[in-house]
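Let's take a walk through this structure together, one piece at a time. Have the sequence and the 3D view open side by side.

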Amino acid sequence: MRPAEKTFYAALGDRVRIARKATGRSQSWVAELVGVPRTSLILMERGEQPISAYTLARMAAVLETPVDTLLRGTESPGTGPGAAPLPGMPADAPPAVREFVSSVREAAVTQTRRK
């Protein structure tokens, strides 16, 4: 996994874990309803295993949380990294898409600075 992907999946995994704990559900319960092994859910929450769009949609349904909340966290619109103008991004792009693109770009810039 590339560094930008690791950063993205680590943040996504944190948000999934927080949402799961907020509902008071166990990893076993969520994993069973989502249709993944518990060990996979553990790795996803740690950011060590990518979460497919299908699995993320199922997680959101099981946790009764909007997918965009899992993708972008709890920031209110206009306050997160996606609020800044993004070159090439359509003005009417959904906030979750803006947040995702912004986080990937930010991680790529951070990685480039480290080199």
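Start with Phe8: its relative accessibility is 12%, so it counts as buried, since the cut-off for that label is under 20%. Keep in mind as we go that this is a predicted model. Next door, Tyr9 has a relative accessible area of 16%, so Tyr9 is buried too.

Those two residues also have something going on with each other. The count of aromatic pairs comes to 1. Here the rings of Phe8 and Tyr9 have centres 5.1 Å apart and planes at 75°, so the pair is edge-to-face. In case you're wondering about those two numbers, a pair of aromatic rings is described by the distance of the centres and the angle of the planes.

Now zoom out to the helix they sit in. Phe8 and Tyr9 are among the buried residues of α1, and so are Ala4, Leu12, Gly13, Val16, Ala19 and Arg20. Look down the axis of α1 and you'll find these buried residues within an arc of 155°, so they line one face of the helix. Turn to the face pointing away from that buried side and you meet the exposed residues Ile18, Lys21 and Ala22. How does the length of α1 hold up? Residues 3-23 make 21 residues, which at 1.5 Å a residue should span 30 Å, and the end C-alpha atoms are indeed 30 Å apart. Just past the end of α1, Gly24 has a positive phi of about 75°.

Time for the whole chain. What is it built from? There are 6 helices and 0 strands, so to speak an α-α-α-α-α-α run from the N terminus on. Of the 115 residues, 35% are buried. The accessible surface adds up to about 7000 Å², and carbon and sulfur atoms own 56% of that. Among contacts with a separation of 6 or more, 51% link residues 24 or more positions apart.

Next, head inside. The largest nonpolar core has 18 residues, and Leu12, Ile51, Met59 and Leu70 have the most contacts within it. Helices α1, α2, α3 and α4 each supply at least two residues of this core, with α1 giving the most, 5 residues. Ile51 is a good place to pause: setting aside neighbours within four places in sequence, Ile51 is in contact with Tyr9, Leu12, Val16, Met44, Leu56 and Met59. So Tyr9, where we began, turns up again here as one of the partners of Ile51.

Met44 belongs to α3 (residues 38-46), where the buried residues are Ser40, Leu41, Ile42, Met44 and Glu45. What covers them? The cover includes α1, α2 (27-34) and α4 (53-62). Like α1, helix α3 has a glycine with a positive phi after it: Gly47, near 80°.

Finish at a loop. Between α4 and α5 (67-72) you'll find Glu64, and its phi is positive, near 50°, even though this residue is not a glycine. That's worth a second look because most residues other than glycine have a negative phi. Is Glu64 buried or exposed? At 73% relative accessibility, Glu64 counts as exposed, the cut-off being over 50%.

Notes: Residues are numbered from 1 along each chain as its sequence is written. This is a predicted model: local features need pLDDT of at least 70, side-chain atom pairs count only at pLDDT 80 or more; totals for chains, interfaces and linings use all residues. Side-chain values use heavy atoms; hydrogens and water are left out. Helices (H or I, at least four residues) and strands (E, at least two) are DSSP runs, numbered from the N terminus. The expected span of a helix is 1.5 Å times one less than its number of residues. Buried means under 20% relative accessible area, exposed over 50%, partly exposed in between (1.4 Å probe, protein chains only). The arc is that of the directions from the helix axis to the C-beta atoms. Contact means heavy atoms within 4.5 Å. Accessible areas come from the Shrake-Rupley method with a 1.4 Å probe; for residues, only the protein chains shown count as cover. A nonpolar core is a set of buried Ala, Val, Leu, Ile, Met, Phe, Trp, Tyr and Cys residues joined through side-chain atoms within 4.5 Å. Rings of Phe, Tyr and Trp (its six-membered ring) pair if their centres lie within 6.5 Å; planes under 30 degrees apart count as stacked, over 60 as edge-to-face and the rest as tilted.
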